[in-house]
Amino acid sequence: MCDGIAEEVNGIPLGDQRLNQRSRKILESLAANPEASVNAACQGWSETLAAYRFFDNASVTPEQILQPHREATQRRLREHAVVLLVRDTTELDFTKHPPKDAGRLNQPNRFGLYEHVQLAVTPDKLCLGVVGAEFLDRAPETLGKSAERAALPIEQKESFRWLEGYRSACALARESPATQIISIADREADIYDIFVDAQRQPGVRAEFLIRAKLDRCTPEHDFAAGPAVFCKVRDEVSQSPLRATRTIELSQTPKRAARQARLEIRAIAVRVKPPHERSRLPSVASNVVLVEEVGGPGDGTDVSWLLITSLPIETLDQILLVIDYYVARWTVEIDFRTLKTGCRVEDIQLETNRRLKNCLAFYQIIAWRVLHLTYLNRTCPALPCTAVFDESEWKSVWRVVAKQPLPKKPPLLSAFLQLVTELGGYNNRATEAPPGPQPLWIGLRRMTDFATAWLAFGPQT
């Protein structure tokens, strides 16, 4: 795995062959033990010092570190007819040990960064890679002034990153015309400027699918409520004919118990008028899908999604496809959990933001790799394990876990990853869901130790 992951920085544009080689070494070391500190992951003080100097090098940026991985991701996505670009922002809290130039989070006494990530994911949730990552923080004097910024041009607001992300998705769509690109985001991306921008995009563009945060107005007046009152989009779709019902399984989260949810689905096409502070912008045509839980617990966890999209909704199959695509958005949440829990990035202790951001770029590739293998196991179980793993890795794990003579042919990926996840605590019972990232990242760490011992003391020696 570690040999394979180093390929993600092939061709890194640092302008110095020694720095290029160092990037490979750092990525391999951190990937071999993602839960460890930088010091523990590196072999000895000289290697640790070299990593610190690399992170601090003025010629190195997170964008450069991620550039070859992004290019490799683009090559992978061109192999698929449809690719979802799922976007979200996560909070990285370094309050306990902040860099000396750390910015603030949402309070003056909380230090850290926000990371805005854009992942390329197939409709069946196979993560192809990171196509964008941006770090931002806040100065203390800007906190608590969001109302004052409401009327500012979008380019002067933090939310501009969502518009930039959609534009980058359109650029990717033009560079990969045989692949349909769909930009997907949650409520924070409900920004009117995105809908206008999508309407103005020339030629090939990315489609969009965004969960609404605001209940926007249509240009039609609601005369029953008053001459100056406009009809609401949610009311319009709520009063439209029922298109389908569906029962889904909701998994357990910190906020809810696992349960079955019965959903009612409606969909219409509407025209939406601009908000008051954006009145200079034109109205836009949008397709809207409403998904509401019937008979839910009423504890704040009931499913209620108002989805705004440029995708077609004429047929029931098209409507259900919109919902399936939105559900795939959860992949980015799993990526954040892998980054924080599997790679423990909030435990990193580096002196400056420059060092921290460069280090985080490597961990973003590592988190992607774990996520990629998790879903590759579900989508392509019949691959030979040698498509991903080295001989020393699968053979050493086979002997330790299966406790059998080596097979004449390498095992399938599904059979091998079953052994790896057992190393990570997965019980492989018939009633259990497929293994997630956590048993995989623990098992991969142990696998690396076994492979090292195999190379040093195995049969070939």
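**Exercise 1. Helix α13 and its end**

Which residue takes a positive phi just after α13? Determine also which residues of α13 are buried and what covers them.

*Solution.* The structure is a predicted model.

Step 1. Just after α13, the residue with a positive phi is G425, at about 100 degrees.

Step 2. Helix α13 comprises residues 413–423. Its buried residues are L413, F416, L417, L419, V420, T421 and L423.

Step 3. The cover over these buried residues includes three other helices: α11 (353–379), α12 (391–402) and α14 (437–457).

**Exercise 2. The surroundings of W368**

State whether W368 is buried or exposed, and find the residues that it touches.

*Solution.*

Step 1. Locate the residue: W368 belongs to helix α11.

Step 2. Buried means under 20% relative accessible area. Because its relative accessible area is 1%, W368 is buried.

Step 3. Leaving aside residues up to four places away in sequence, W368 touches E8, H69, R76, C127, L128, G129, V130 and D335.

Step 4. For a distance across the model, take R259, which is 109 residues from W368 along the chain. The C-alpha atoms of these two residues are separated by 29 Å.

**Exercise 3. Helix α7 and its salt bridge**

Establish how many residues of α7 are buried, and identify the salt bridge that D193 forms with R278 by its N to O distance.

*Solution.*

Step 1. Helix α7 spans residues 192–200, and 7 of its 9 residues are buried, so that the helix is mostly covered.

Step 2. The buried residues are Y192, D193, I194, F195, V196, D197 and A198.

Step 3. These buried residues pack against β1 (82–93), α6, β5 (207–211), β9 (259–272), β10 (284–294) and β11 (304–309).

Step 4. One of the buried residues of α7 is D193. The side chain of D193 meets that of R278 in a salt bridge, with an N to O distance of 3.2 Å. Because R278 lies in the loop between β9 and β10 while D193 lies in helix α7, the pair ties together parts that are 85 residues apart in sequence. Both R278 and D193 are buried.

**Exercise 4. Salt bridges between distant parts of the chain**

How many salt bridges does the structure hold? Describe the pair E35 and R344 and the pair R329 and D88.

*Solution.*

Step 1. The structure holds 24 salt bridges.

Step 2. In the pair E35 and R344, the closest N and O atoms are 3.7 Å apart. This pair links distant parts of the chain, 309 residues apart: E35 is in the loop between α2 (17–32) and α3 (38–41), and R344 is in the loop between α10 (330–342) and α11.

Step 3. E35 counts as buried because its relative accessibility is 16%. R344, at 40% relative accessibility, counts as partly exposed.

Step 4. In the pair R329 and D88, the closest N and O atoms are 3.2 Å apart. R329 lies in the loop between α9 (316–327) and α10 and D88 lies in strand β1, so this pair ties together parts that are 241 residues apart in sequence.

Step 5. R329 counts as buried at 5% relative accessibility, and D88 counts as buried at 9%.

Step 6. R329 and D88 also belong to a network of salt bridges, which links them with D186, R211 and E333.

**Exercise 5. Charge on the surface**

Which residues gather in a patch of negative charge on the surface?

*Solution.*

Step 1. The patch consists of E63, E134, E155 and E164.

Step 2. Of these residues, E155 can be placed in the loop between β3 (127–136) and α6 (160–175).

Key. Residues are numbered from 1 along each chain as its sequence is written. This is a predicted model: local features need pLDDT of at least 70, side-chain atom pairs count only at pLDDT 80 or more; totals for chains, interfaces and linings use all residues. Side-chain values use heavy atoms; hydrogens and water are left out. Patches are made of residues with over 30% relative accessible area and no salt bridge: like charges are joined within 9 Å, nonpolar side chains (Val, Leu, Ile, Met, Phe, Trp, Tyr) within 5 Å. Accessible areas come from the Shrake-Rupley method with a 1.4 Å probe; for residues, only the protein chains shown count as cover. A salt bridge is a side-chain nitrogen of Lys or Arg within 4 Å of a carboxyl oxygen of Asp or Glu. Lys and Arg count as positive and Asp and Glu as negative; His and the chain ends are not counted. The place of a charge is taken as NZ of Lys, CZ of Arg, CG of Asp or CD of Glu. Helices (H or I, at least four residues) and strands (E, at least two) are DSSP runs, numbered from the N terminus. Buried means under 20% relative accessible area, exposed over 50%, partly exposed in between (1.4 Å probe, protein chains only). Contact means heavy atoms within 4.5 Å.
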